[in-house]
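Thank you for making time this morning. I would like to walk through one structure with you, going from a single residue out to the whole chain, so please keep the sequence and the model in view as I speak.

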Amino acid sequence: MPRYNKREDFEAGLQVLGPFFDSLGYACTVADGFRDKEGDFYSAAFTLLPRTVEVHHLYSLGPVIYRMGDFHIEHTPYLEALGLATSARYPSYDDDSRAGYRALLYDLGTLLSPFFTISQEEFLRIASLFMDKQRQGRAEAQRRIEYGCALEDRLKAHARELFFQKRYAEVVSIEEQIRFPESLTEPERYIFAHARKHVEK
């Protein structure tokens with residue numbers, strides 16, 4: 001990943017893509033940047049209704065998303081659906097914040113012409129498969145979290161029993177198995193904290 005996250009790299013990337021989209025009559029809308037713990041995020045959308053291509057930037061070009069109406073698909077899955085993923089140049093793994101935009105421009109001009117001509121119905125058929133996989137993935141992740149929390153409820157109950165038996169080392173051992181510490185209640189935090197103090201004496 002490039003070490004520097006600069007807005008000018010994002011803006012330079014839009015200049016690389018701009019002429020291509022201008023030639024097709026697409027308008028560019030740049031969103032307000034925002035910052036979180038990972039850094040500064042920038043994004044823009046090229047739109048000629050009903051079609052939109054979104055680009056997102058964090059240190060370098062990130063997710064590229066193709067939309068029609070309420071349906072969307074990301075760049076690589078779209079190329080996979082078209083049978084063209086092995087010919088793609090994006091994503092680019094160069095240590096250059098701007099390289100991804102040149103790679104995307106190549107893919108747009110040589111591989112992704114179907115997006116600009118395909119019927120909305122055909123796009124929805126492809127995108128809906130991608131969106132279904134996304135929903136299934138989120139549901140499976142949620143089930144794993146719920147399952148993990150259910151197991152941890154048993155661990156925490158056992159830790160309480162051990163604590164009252166003054167088996168502090170075993171309580172600390174259970175704390176090390178907790179994968180969702182944010183779900184601990186204040187009494188549970190108290191038990192683990194005091195068990196650690198007893199063990200560290």
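Leu48 lies in strand β3, which runs over residues 39-48, and I should say at once that everything I describe comes from a predicted model. Is Leu48 buried, exposed or something in between? Its relative accessibility is 38% and it therefore counts as partly exposed, since that class lies between the limits of 20% and 50%. If we set aside the neighbours within four places in sequence, the residues that Leu48 contacts are Leu24, Gly25 and Tyr26. Cys28 stands 20 residues from Leu48 in sequence, and the C-alpha to C-alpha distance between Leu48 and Cys28 is 9.3 Å.

Let me turn to the helices, beginning with α2, which covers residues 75-82 and whose buried residues are His75, Tyr78 and Leu79. Why do these buried residues line one face of the helix? Looking down the axis of α2, we find its buried residues within an arc of 95 degrees, and so they line one face. The general background is that an α-helix has 3.6 residues a turn, so residues three or four places apart point the same way. Just after α2 comes Gly83, which takes a positive phi of about 75 degrees.

The next topic is a pair of helices, α6 at residues 168-175 and α7 at residues 186-200, whose axes come within 8 Å and cross at roughly 125 degrees. At that angle α6 and α7 are oblique to each other, because the value falls outside the roughly parallel, antiparallel and perpendicular ranges. The crossing of α6 and α7 is left-handed. On the α6 side, the residues that meet α7 are Tyr168, Ala169, Val171, Val172, Ile174 and Glu175, while α7 contributes Ile191, Phe192, Ala195, Arg196, His198 and Val199. By character, the residues of this contact divide into nine nonpolar, one polar and two charged.

Finally, stepping back to the chain, we have seven helices and six strands, and in sequence order they follow the pattern α-β-β-β-β-β-β-α-α-α-α-α-α. The protein chain has 201 residues, of which 37% count as buried. How much of the contact between residues at least 6 apart in sequence joins residues at least 24 apart? For the protein chain, that share comes to 57%.

Definitions and conventions: Residues are numbered from 1 along each chain as its sequence is written. This is a predicted model: local features need pLDDT of at least 70, side-chain atom pairs count only at pLDDT 80 or more; totals for chains, interfaces and linings use all residues. Side-chain values use heavy atoms; hydrogens and water are left out. Buried means under 20% relative accessible area, exposed over 50%, partly exposed in between (1.4 Å probe, protein chains only). Helices (H or I, at least four residues) and strands (E, at least two) are DSSP runs, numbered from the N terminus. The arc is that of the directions from the helix axis to the C-beta atoms. Axes are lines fitted to C-alpha atoms, for helices over the stretch in contact, and angles run from 0 to 180 degrees between N-to-C directions. Angles under 35 degrees count as roughly parallel, over 145 as roughly antiparallel, 65 to 115 as roughly perpendicular and the rest as oblique. A crossing is left-handed if the near helix is turned anticlockwise from the far one by less than a right angle, and right-handed if clockwise. Contact means heavy atoms within 4.5 Å. Ala, Val, Leu, Ile, Met, Phe, Trp, Tyr, Cys and Pro count as nonpolar, Asp, Glu, Lys and Arg as charged, and the others, Gly among them, as polar.
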